[in-house]
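Grab the viewer and work through these exercises one at a time. Try each task yourself before reading the solution under it.

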Amino acid sequence: MTRLFPILLLLMCAMGIAHAQPAQTQETPAPRIGVVTMGPGEIFWERFGHDAIVVDDPAQPAPISYNFGFFDMDEDGFFGRFVKGEMQYRLVSLPLQDDLAYYREVGRGATLQWLDLDPAQARRLAADLAENAKPENARYRYDYYTDNCATRVRDALDRALDGRLRKLLDSRSSGDTWRGESLRLASPAPWMWLGFDIGLGPAGDRALTRWQQDFLPRRLADDLRKVTRADGRPLVATEVELLPQRQAAEPEEHEQSLWPWLLAGLALAALVLAAGRRHPRTLAALAAGFWLLCGLLGAVLALGWAFTEHRALWANRNLLLLDPLCLLLLPGAWALLRGRLPSPRFRALLVAVAVLAALACLPLWLQVSPQRNGHWIALLLPLHATLARLWARSPDA
């Protein structure tokens with residue numbers, strides 16, 4: 001009997017292990033995946049809102065926010081990379097409540113959309129985000145329209161859905177453009193509105209698909225509400241408001257009429273004609289300021305096209321209106337201010353500037369890669385033409 005006891009003990013242990021084995025091989029619950037969308041703020045880079053992916057893993061003590069919007073202005077070379085269009089952002093993972101602390105403090109709202117993903121999709125997305133958040137993988141080259149915090153969220157979700165998100169959104173369009181969306185959101189800050197409207201080239205006026213328009217966090221949140229899975233289930237299972245929006249909400253788009261700009265341009269041209277007859281030196285001083293402003297802005301546009309990766313600035317037709325050649329008119333303005341006759345070179349340059357400004361109308365008429373700058377033509381072309389009429393003629397004429 002004593003010899004059988006060890007054998008019976010081994011059999012009992014083996015049976016216990018066999019009974020315990022199924023519990024060990026059971027899969028742990030899949031994480032919940034959500035998208036948190038934050039409202040706009042007051043600082044210029046906060047005007048367009050923000051978003052992040054939330055992973056609520058039962059194995060973790062709290063939900064984790066994967067936020068693609070981190071940058072460090074104190075980093076070596078940050079300003080130079082920003083100017084050249086080579087700015088670096090990075091993905092950071094942190095507890096959701098820590099991520100929301102700033103938004104709670106400044107009064108920016110936050111809404112969380114929990115997504116109805118299959119367990120395998122949720123696990124794959126969580127694993128991909130954790131890998132992406134490692135220091136050696138976290139950095140990416142930021143582009144304001146094509147590769148930002150919202151497009152990174154959009155692309156990560158699309159990969160988890162095996163391309164379904166892009167398939168549904170890339171064939172739809174609301175007719176909105178990068179310019180329209182940028183001007184709408186920048187409108188509370190006039191200087192920011194001017195910067196976008198003057199700086200954006202023809203690329204800013206191409207109609208966007210919904211997929212492209214999801215460079216904006218709120219647009220992505222809107223589209224996620226409408227997306228369905230292959231079996232017809234809504235992608236968004238539930239939606240929760242985490243923080244109220246205490247700051248001003250996103251402004252709505254307002255149609256821009258051409259007539260006020262044209263009337264302003266004609267009125268300024270009439271004042272120029274009157275001042276040219278009665279106060280030529282005062283007009284020369286004002287013209288010098290106008291040409292200096294045009295020349296400097298034009299130089300920025302030209303340098304941005306030639307030497308940076310800010311593709312939204314390229315081929316900007318406003319270069320014909322804000323002409324760097326205007327800087328060469330400043331010596332002639334100085335001569336007029338001193339009561340002297342301008343040189344023949346000055347008169348030729350004045351005509352060239354006016355002719356180039358008139359050529360800005362040609363792409364609009366031909367509808368060749370149009371740029372929505374008709375209001376700037378209406379404002380500035382009468383000024384260039386009137387100044388040329390006053391001073392481009394030879395004194396003997």
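**Exercise 1. An enclosed helix**

Task: Work out how many of the residues of H7 are buried, and find what covers them.

Solution. Keep in mind that you're looking at a predicted model. Start by counting: nine of the nine residues of H7 are buried, so this helix is largely enclosed by the rest of the structure. Next, go along the helix and look at who they are. The buried set runs Trp-178, Arg-179, Gly-180, Glu-181, Ser-182, Leu-183, Arg-184, Leu-185 and Ala-186. Finally, look outward from H7: the cover over its buried residues includes H8, H9 and helix H10 (217-226).

**Exercise 2. A buried arginine**

Task: Locate Arg-210, decide whether it is buried or exposed, and list its contacts beyond the sequence neighbours.

Solution. First, place it: Arg-210 belongs to helix H9, residues 210-213. Second, check the accessibility. The cut-off for buried is under 20% relative accessible area, and Arg-210 comes in at 12%, so it counts as buried. Third, skip the neighbours within four places in sequence and see what is left: Arg-210 contacts Leu-169, Arg-172, Ser-173, Ser-174, Arg-219 and Asp-223.

**Exercise 3. Two helix pairs that share H12**

Task: Classify how H12 packs against H13 and against H16, and say which residues make each contact.

Solution. Take H13 to begin with. The angle between H12 and H13 is about 165°, with the axes 8 Å apart. Angles over 145 degrees count as roughly antiparallel, and therefore H12 and H13 are roughly antiparallel to each other. Their crossing is left-handed. On the H12 side, the contact uses Arg-281, Ala-284, Ala-285, Ala-288, Trp-291 and Leu-292, while H13 brings Leu-330, Ala-333, Leu-336 and Leu-337. Sorted by class, that gives nine nonpolar, no polar and one charged residues.

Now swap to H16. Here H12 (residues 280-307) and H16 (residues 374-391) pack at about 135°, with their axes 12 Å apart. That angle makes H12 oblique to H16. The crossing of H12 past H16 is left-handed. H12 supplies Pro-280, Leu-283, Ala-284, Ala-287, Phe-290, Trp-291 and Cys-294, and H16 supplies Leu-380, Leu-383, His-384, Leu-387, Leu-390 and Trp-391. By class, this contact has twelve nonpolar, one polar and no charged residues.

**Exercise 4. Finding the core**

Task: Which residues have the most contacts inside the largest nonpolar core, and which element gives the most to it?

Solution. Begin with the core itself: the largest nonpolar core has 52 residues, and those with the most contacts inside it are Phe-196, Trp-291, Leu-350, Trp-376 and Trp-391. Then ask where its members come from. The elements giving two or more residues are H7 (178-186), H8 (190-199), H11 (259-278), H12, H13 (330-337), H14 (344-359) and H16. H16 gives the most, with ten residues.

Now zoom in on Trp-291. Not counting residues up to four places away in sequence, Trp-291 touches Cys-326, Leu-327, Leu-329, Leu-330, Ala-333, Phe-346, Leu-350, Leu-387 and Trp-391. Don't stop there, though: a second, separate core of 34 residues includes Tyr-89, Ala-133, Tyr-142 and Val-227.

**Exercise 5. A strand residue**

Task: Describe the surroundings of Phe-68.

Solution. Phe-68 sits in strand S3, residues 64-70. At 2% relative accessibility, Phe-68 counts as buried. Next, check Leu-91: the two residues are 23 places apart along the chain, yet their C-alpha atoms are separated by 4.1 Å. Beyond its neighbours within four places in sequence, the contacts of Phe-68 are Tyr-89, Arg-90, Leu-91, Leu-129, Asn-132, Tyr-140, Cys-149, Arg-152 and Val-153.

**Exercise 6. Two loops and a positive phi**

Task: Find where Ala-315 lies, what its phi is, and which loop residue it meets.

Solution. Ala-315 is in the loop between H12 and H13. Its phi is positive, about 55°, although Ala-315 is not a glycine. With 29% relative accessibility, Ala-315 counts as partly exposed. Now turn to Pro-202, in the loop between H8 and H9. Pro-202 is buried, at 4% relative accessible area. Setting aside neighbours within four places in sequence, Pro-202 is in contact with Trp-314, Ala-315, Asn-316, Arg-317, Ser-369, Pro-370 and Gln-371.

Notes. Residues numbered from 1 in each chain as written. Predicted model: local features only at pLDDT ≥ 70, side-chain atom pairs only at ≥ 80, totals over all residues. Heavy atoms only, no water. Axes fitted to C-alpha atoms, helices over the stretch in contact; angles between N-to-C directions. Helix = DSSP H or I, 4+ residues; strand = E, 2+ residues; numbered from the N terminus. Parallel < 35°, antiparallel > 145°, perpendicular 65-115°, else oblique. Left-handed = near helix turned anticlockwise from the far one by under 90°. Contact = heavy atoms within 4.5 Å. Nonpolar A, V, L, I, M, F, W, Y, C, P; charged D, E, K, R; others polar. Core = buried A, V, L, I, M, F, W, Y, C linked by side-chain atoms within 4.5 Å. Buried < 20%, exposed > 50% of the residue type's maximum accessible area, 1.4 Å probe, protein only.
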